[in-house]
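Here are my notes for a first look at this model. Please keep the structure open while you read them.

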Amino acid sequence: MLFSLLSACSTTEKTQILKKPEINQQKKVQPKVYTATQLYSNARAKRGADKIQLLYLAREKALEEQNWSLLESICTTLISSQSSDNIQNSLYIALSQYHQYQYASALALLEKLNDKLTSPAHYYWHQLITGNIYAKQSLTAQAVPYYFRASEIAQKHDIDANELNKKLWAELAKLQSDSLEELNTGSSIQQGWINLALYNQLYVGDPVSLHSAMNNWQRRYPRHPASFALPDKMKNLLAIEPYKLTKLAVLLPETGKNARIGEAVKNGILAASYINHDAEIHYINSIESIEKINEHITLIKPDFIIGPLLKNNIDKIKQSEILANYPTIFLNSSSSEHTSLEHYSFALSPEHELTQAINHFLAKEYKKPLLLAPKNKSGERLVQSFTQQWQLYSKNLPEIGFYADKKDMQNQVKRLLEVDESKKRINKIKLLFREKVNNETRSRRDIDVIYLIGDAVQTRLLKPYFDVNISTFAEKVPLYASSKSHSLQVDRTDKRDLAGLYFTEIPWMLPQGHTQPALRAQFDKLWPQQGDLQQRLFAMGYDAVKLIPQLKQLSALSGKSIQGLTGLLSINQDGQIHRQLQWARYFQKSIKVLKLKEVKPTPLFLQPSENMD
């Protein structure tokens, strides 16, 4: 069914290659069935019309066998034989290349066909294959416009679009509600798809509202191609019941050197306890032996577990057969594989911020980033992570620098900006002239964005070095940093040295980013001297409890998210809770929350050659 539509577009009459059966009264001889390879081999030995007919039969057989490399060869031969349907053969070649993971070649061929499409069926398949290529790379925002156009042409010309409908629906489920709202324009077909996806996100877990919304949608969009999704989707979404919490077990370090950070998470969990008023909370010391923890869990029989906080304790807990049966939010990442659909990982990972920064840099079309980080394991790991991600989208390597200590910072800045080389050139000129020479050092011009990896103290030392060493003749280079650069404690002093710096941060730590201003005021009153790490862990504990009623819905709809104290929270297919942080910028005496453009970039191998940087 998937390929019959393309086959129907062929203008050449098809014949079957069958051996003439011998008449035998005792036994009927079955016709011989040829493979695509045999048909292609026979065709190459023929000439003229016989060759063309055999090639078409070989093409149909290759489609049936899904022999993509052979299909590409057959269609290439047909094109060189000057057959009458080169557009269809070219589409088959693009389809073959898609199935062989040759995405760049397929896109290049499809682009060449843009102005040559006249048949609705050809246009449908052109858009479908292009959308499939982007969807395969998880580039949903790029894929859905092609799917929408294919859906519109299929509806208008009564084309069988079963494959498209399933793919489009799956991609829309990956988009967040704000992205769906931006697409809620255009034709009634497009709006019908978008509104159905929005209803699924808004009313999942609310059977009455969901049922009413679906009925309204059906009345508004009769005979819409998305109608196929209604019965099964409604059934699946109505079956998603949130976790019912009557007993919550919390595994945190209560003694030893990590007791203080465990206490910070505990405070956040207590602050969120109003979400489940009737739930009992049982705390277990996570540094105890696995046997002792198993005894506690067996006795408590909780509905849900939060913790542990430390990676080594998580690995220890995952080995327990008893704990494997309980839905759990681990408060860190784990080195072991994700094995249970009811186990979730919630980590305040700095890698999330790197991905956000890269998505913004490429949306702004920055070409050459400069990274400066401390020379330690954490700094080297984050620089490596940034570089690996960046190279997926750009041929330009980022400029990298590491500083050993405070004294080394200025030297590294000058080296990276090539200010020292400028001074050497100035000195050479001075030697050539006896008279006084007016001069000013110049920094390199190819760096168009700077990303600082360092804590609050390090960032406050680095920022002025860049300000004074970037040439006044050059355009101002924007400076960015991670949440490590921001500290509420350090910010109590002068902020002027950081003016202009962009950074990512959890909403809980920003003056204008609070989703719970009353809670923030109460927190500041109870713990006015609480450190930055403790404040972040408080927010993490709060969000862990807030997530429990939403976990199943978030897992079912990858585009669904909820706003938490630690960011905009969603869940991927591996059960990892992903945070999208808030952008902010330092001004002279204040910090302002911003909304900066972020777009998931197109991988380098899918970019047109002229745009490869």
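1. **The sheet.** Start with the open sheet of eight strands, in this predicted model. Its order is β2-β1-β3-β4-β5-β13-β12-β11, and the pairing is mixed. β2 (280–285) and β11 (562–564) stand at the edges. Each has a single partner strand, so one side of each lacks a neighbour in the sheet. From one strand to the next, the twist averages 25°.

2. **Strand β1.** Is β1 largely enclosed or open? Five of its six residues are buried, so β1 is largely enclosed by the rest of the structure. β1 pairs with β2 in the parallel sense, over six bridges. Leu251 has Ile284 as its bridge partner in β2. Between these two strands the chain passes through helix α14 (residues 259–271). This β-α-β crossover is right-handed.

3. **The other partner of β1.** β1 also pairs with β3, again in the parallel sense. Three bridges make up the β1 and β3 pairing. Ala249 stands opposite Ile305 of β3.

4. **β4 and β5.** Strand β4 (residues 328–330) runs parallel to strand β5 (residues 343–346). Three bridges join them. Look for Phe330, whose bridge partner in β5 is Ser345.

5. **Helices on the sheet.** Helix α15 (residues 290–300) packs on the sheet and touches β1 (247–252), β2 and β3 (304–306). The direction of α15 makes about 170° with that of β2. Helix α23 (residues 532–547) lies across β3, β4, β5, β11, β12 (567–571) and β13 (576–580). α23 runs at about 155° to β11.

6. **Nonpolar cores.** The largest nonpolar core has 71 residues. Which of them touch the most other members? They are Ile74, Tyr124, Ile133, Leu172 and Trp193. Helix α3 (residues 48–65) gives the most to this core, with eight residues. A second, separate core has 41 residues, including Leu331, Ile506, Ala544 and Ile571. In soluble globular proteins, nonpolar side chains tend to be buried together.

7. **Helix α9.** In α9 (residues 162–172), the buried residues are Leu164, Asn165, Leu168, Trp169, Glu171 and Leu172. They cover an arc of only 165° around the axis, which puts them on the same side of α9. An α-helix has 3.6 residues a turn, so residues three or four places apart point the same way. Leu172 is also listed among the residues touching the most other members of the largest core.

Methods: Residues numbered from 1 in each chain as written. Predicted model: local features only at pLDDT ≥ 70, side-chain atom pairs only at ≥ 80, totals over all residues. Heavy atoms only, no water. Buried < 20%, exposed > 50% of the residue type's maximum accessible area, 1.4 Å probe, protein only. Helix = DSSP H or I, 4+ residues; strand = E, 2+ residues; numbered from the N terminus. Arc of directions from axis to C-beta. Core = buried A, V, L, I, M, F, W, Y, C linked by side-chain atoms within 4.5 Å. Pairing = 2+ DSSP bridges. Axes fitted to C-alpha atoms, helices over the stretch in contact; angles between N-to-C directions. Contact = heavy atoms within 4.5 Å. Right-handed = clockwise from strand over helix to strand, strands pointing away.
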